[in-house]
Amino acid sequence: MTAPSTCVFICRCDAAGVDAQSAAALAEDVSAAFPDAAAHVVESGCSPRGIGGIVESARSLGCARVLVASCAPGLHMTAFRGMLANAGTAECLVVNPFPDGAGPAQRKKAFEAVRDAMGKLAPCAEPRREKPVPRALVVGGGVAGIQASLDIANAGYKVTLVEKESSIGGHMLQLSEVFPTLDCPQCIMTPKMVEVAQHDNIDLRACSEVEFIEGEAGKFRAVIRRKAAFIDWAKCTGCGECSAACPVEIYSDWDRGTARKKATSRPFAQAVPNKFRITKNGVSPCRAACPAACNAHGYVAFASQGKWAEAYSLITERIPFPGIVGRVCPHPCEDACHRRGVDQAVSICVLKRFVADRMRGREPLPVPAPDHGKKVAVVGAGPAGLTAALKLKLKGYKVCVFEASDRPGGMLVWGIPSYRLPRDVVRDELALPAKLGVEMHFNRRLGPDISVDGLRREFDAVVLALGAGKSWKLGIEGENLGGVTGAVEFLARVNRGEVASVRGRVLVIGGGNTAFDAARSAIRLGAENVTIAYRRSIEEMPANPGEVEGAGAEGVKIVFLATPLRILGDGKAGAVEFLRNELGPPDKTGRRRPVAVQGSEFRIEADLVVSAIGQAPDAPFLDNDARFAFRKTGALDVDMVTLQTGVKGVFAAGDVVSGPDTVVGAIASGMYVAESVDLFLTGADPSFGREPPALNVVEKPDLRAARAGERAKAAEKAPGARRGDFTEFDLGITEEQAIAEARRCLNCAGCCECMNCVKACEPKAVDHAMQDRFEEVEAGAVVLATGYDLYPVAKIEEYAPDPDVIDGLQFERLLCPSGPTDGRVLRPSDGKEPKDVVLVACAGSRDPEHHKPYCSRVCCLYSTKLAMLYRHAVHGGKVHYFYIDVRTDGKMYEEFYQRAQQEEGVNYVKGKVSKIYRVGDRLRVLGADLLAGKSVSVDADMVVLAMAMVPNQAGIDLGRKLGIAMNEHGFMTEQHGLLMPLESSRPGFFFAGTCQGPKDIPECVAHASGTAGRVLSFFGRKSRPAEVKKEPASAVAGQGS
Amino acid sequence: MKYGYYPGCTLKKNAASFEKSALHVMKAAGIEFREMKVWNCCGTSFGLTKDMLIHQIAPVRNILRARQEGFDAIVTLCSICYNTLKRADSFISSDSMVKRRITGFLDEYGPYEGGFPVFHLLEVLEDRIGLGAVSKLAIRPLSGLRAAAYYGCMLVRPAELGFDSMERPGRLRRFLKALGAEPVDFPLSTECCGAYHAVGEPATAAEFSRKIIDDARLRGAEIIVTGCPLCHHNLDRGQAEIIRAWPGFNPMPVMYFTQAAALAFGEPAAGLGFESNFAPPQVLLDRLAGAAAGREAPR
């Protein structure tokens, strides 16, 4: 008889509930199905006698492969394998055939389990004989991860330690002092942290996360994401200049909201590695909304720090005339502001005006690049033309501006009334191009004085920024009567001082800002009765709401849903006949289309009729030139990517292209055309790469650090006093208001990209364009030490959300001598020292009905410690400590508790807290005193909740990705709860610390050292055939007993 | 959806003002409803004794009758009826043995698997009609009225039967806001009103109610609004007992959310049953009258 290829040993014992009949039946089925296998029933296979018998039989039969059918394969596998390997068996698997108990009903299932395992055994005939890769990958740099890393590294093996935060240390470093010794955690931990950083065998990867791990025990390949810190850590010296320069303050996770941190920061002074990191969440919506791409977030951040010069420089990078734009901009940035979701938008535009006013007369002059000889002519000295001129001058071009009138400004001086935009502001700000050396030529008209071709011959490029200076005609009967004029023409005459007064009834037709400018100017010139007629409703009205309101206050009447039919009068206008409209479906512009109601004619009497329904360029000399085409709106038709006209080298910008637009739109257009001209003149293709960059705009701001505060309101002259007064009525805000207003900013993006840190960093380590990098690591074993977090306070609905209801870690920060309050206990709401503090143990723990059923293990003692520290810190402070029962199962723990009770005067109340709510400036705590048998009510200044410990979410996510078994709460499951508490369900993955279950610090350290021992014994084992091989997971799946 | 209105005993007697105002509101809101032709006692607190299956007969029979009369759902006003009917239905749905025995006893109504919808009127108004529509109906909005929304226990407890969060409910608050009122922050909105202690130990009930009313006042409330007849009884008529024990106590008006809604919808106060209040809601009535006068002046 030849030797059987496989031996199957079927274990029978009473403890596992396997009766002789079932075992024999299984042996019979196996023999029938596998003729060349030998099936034996063994009595109590795991006993010394049983295992001896198995080994003896296998040796005597000369079997290369053995299958043991017994209970608890996970536990027994190692022992059987070891013994059989010594006896010369190459392969061994253990499978549980009776996970649901033995008996005739289980016969088929038992056989199938063995049959499947036989199938797994066969392909493993050629075992690999590799040694494990001598490197451990440790995930998580808290106290457990640090301990495991040091133990493994000290034994001579390599370790890669991955930490998602920018420093190792974990929650332990957030604590004030630790029980029961009352050591300072910073003092006892930093030596270990430094040892990690300096250890030859440890590669520390902070600010990194494990992307995935593949392979098998002994040989894993892990990919680590090195998250961009936006600061090159190889160059960073940890000096902190970047943080000092950073104007942005955001929520501090490290201080759990008890303090704010800079967007450029490190968590604490002893951080390891001692490097800074920039928090970036994307682009703030205000910044993305600006047509001129002005960094609104950045200058608001500077304003919040009172850094006016920095704010001014940042604004003028994109908007060269901030005092003008700060007065007349319709501020799309504020429409996009996320603060609207809290109360009202940050008053960004008013802040811009404040910065400009504040810096007036002290403006830093930009320095143009050296002149390189190329020449550009700009026609038109409005905002678009002057912006283009300025930008080109800064790039080193020789720039000449030709303006038809006698001064710069265009619509700023001829269109916008001075009560909105004082002329001295315009004069001063628009003097900048000339100051930098731009040549200004006034009273030079395109057509009579200069020609496009002439300019083109003399200059390398030409920019036409002619504006839109002609009002659209109403196109109705009577338009040529006296007393009928266009709004632009009317305003230009007013601004030239040609209209001393307006008498009688004025009717303005239109609904844009120009209509309001005309109407409000008329009021100031003495008109008795001013009416605006608009064909749609207030919802569709394009004018700024502020204009509508202001005009209303000054006495302007607005008639909605009216379309003019004809102007009536005898030689001179006397009235306008209108048709009443209804609103139909939306048109192309998205506004609802007015539909006339037949027979609804009505009249409005008027001595002066002003049409303000739109504007077009006033450029008759171009009309007859076939190279220039015009659109239906009257705007000049140009290539929309390059803004180049039909004539090569002749570009156009501003209202002449867009039709009447805002000042900020004109500036954006000027900036854009300057870029086109520069590309054109440097020989590049001006149409290449001009798409606006795709912006990752922040959709949900972090509201946790939002400061309370109402939007600033500027002082204004009383409406009644504005008649006849063309001086500015909006008096702006004070410095105090400006800072308070800027501090309302939610800092949606985190970093505002003001680049102040770049300027501050001496070693040039800051890199705002840094990307995440990926690194590959080979390791023989993985230690998961992903740690815990606290169950959120908000989950307990009967405790009112309140700044003075805090969790244990927040209290740790308030007590910590190096914390945000330097160890003084000051409550978050008003910074007062709390005289009565309530501590609530088991907040969220031991509450299977609503929260977590388990005991979080550390709360009794750490709350006791907090009570003690509070009593030391606050003289005469009272502590009421509510508990279910105080568990002190640890060395010196009971003594610690007794000390708190007897010597430190902590008032322990046995009972749960049912409700917490604010009454005046205190918190009312309702609960039970079970020993007294009554309900109690305590008024406290602050409440500290010892929230349940839950596994860190990042650890849960990683565990899921790696296929590590976890319980319903996310704690990782051991291979065996009692006897294999350090091994995860997946071979080669071990764990350390609280990711496996709640633990205190000494337990974490012991747990981590134990894990390190397991890893080391795995690394150090002599190479044996059965050592490193594919573990058929399903062969151990039946370990139910 | 056709709603069978299940009134229950209290609505026909002590809480007649609740019913009267609710009928106005349901009509105004365009809810398709009719009072059930035949109904019996909801079963009240007897339904809590799970082992006494006979006590589940009353509520289940009400549900089966609603189904037989062709309704799609039951709408209730009384919080206790709401709770009892829902609880009985959930009880039989979760236990097939119980279901078999009870439906066997009620076999003249045909087989029943459980799950017939039972709503409180507040749910219908918010989830079916919508608060936007409610706002539009409020032609005399309760502008500036600082109201404390009080839930008591039966509308929100236990979690699996309640119509909102047990600890921080918001339905009533949102509803009042839709009517134009200014609901105050009110932490004691789910504290016990004293419940049936009003019968045996009125002093105990008075102590409970006083705490709630005092807290509402502290928060700046001028009125307490509720959706439970028993709460209304304890908080309103219980004030007589409170004054006996604390003679300096200032009365605080209490009203049903349906009374508030009916007023806002333009119903005259006279027909809404305020005369049975211990503390009449004069603040609100005067203000509404004033506002109406103010509105009419320019004409």
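**Exercise 1. How many helices and how many strands are there in chain A?**

Solution. Remember that you are looking at a predicted model. Going along chain A, you should find 31 helices and 46 strands.

**Exercise 2. Find the radius of gyration of chain A and set it beside the value for a compact globule of 1041 residues.**

Solution. Step one: a compact globule of that length would come out near 31 Å. Step two: chain A has 40 Å. Step three: look at the box filled by its C-alpha atoms, which is roughly 125 × 75 × 65 Å along the principal axes. To finish, note that 49% of the 1041 residues of chain A count as buried.

**Exercise 3. Describe the surroundings of strand β33 of chain A, residues 781-784.**

Solution. Begin with the two faces. On one side sit A:Ala781 and A:Val783, on the other A:Val782 and A:Leu784, and all of them are buried. Both faces of β33(A) are therefore covered.

Now turn to the partners. Strand β5 of chain A (residues 135-139) runs parallel to β33(A) and is joined to it by 4 bridges. Here A:Ala136 stands opposite A:Ala781. Strand β46 of chain A (residues 989-991) also pairs with β33(A) in the parallel sense, this time over 3 bridges. In that pairing, A:Phe990 is the bridge partner of A:Val783.

**Exercise 4. Locate the cis peptide bonds that precede A:Pro180 and B:Pro158.**

Solution. A reminder helps here: most peptide bonds are trans. In chain A, the cis bond joins A:Phe179 and A:Pro180, with omega about -5 degrees. A:Pro180 lies in the loop between β6 (158-162) and α6 (185-198). In chain B, the cis bond links B:Arg157 to B:Pro158, with omega about -10 degrees. You will find B:Pro158 in the loop between β5 (146-150) and α7 (171-178) of chain B.

**Exercise 5. Decide for A:Leu561 and A:Arg846: buried or partly exposed?**

Solution. Both residues have a positive phi without being glycine: near 55 degrees for A:Leu561 and about 55 degrees for A:Arg846. Most residues other than glycine have a negative phi.

Take A:Leu561 first, in the loop between β22 (557-559) and β23 (562-569) of chain A. A residue is buried with 20 or more C-beta neighbours within 10 Å. A:Leu561 has 21 inside 10 Å, so this residue counts as buried.

Next comes A:Arg846, in the loop between β36 (836-843) and α28 (859-873) of chain A. Because A:Arg846 has 18 C-beta neighbours inside 10 Å, this residue counts as partly exposed.

Technical notes: Residues numbered from 1 in each chain as written. Chains lettered and ligands numbered in written order. Predicted model: local features only at pLDDT ≥ 70, side-chain atom pairs only at ≥ 80, totals over all residues. Buried ≥ 20, exposed ≤ 12 C-beta atoms within 10 Å, placed from the backbone. Helix = DSSP H or I, 4+ residues; strand = E, 2+ residues; numbered from the N terminus. Pairing = 2+ DSSP bridges. Rg over C-alpha atoms; globule rule 2.2 N^0.38 Å.
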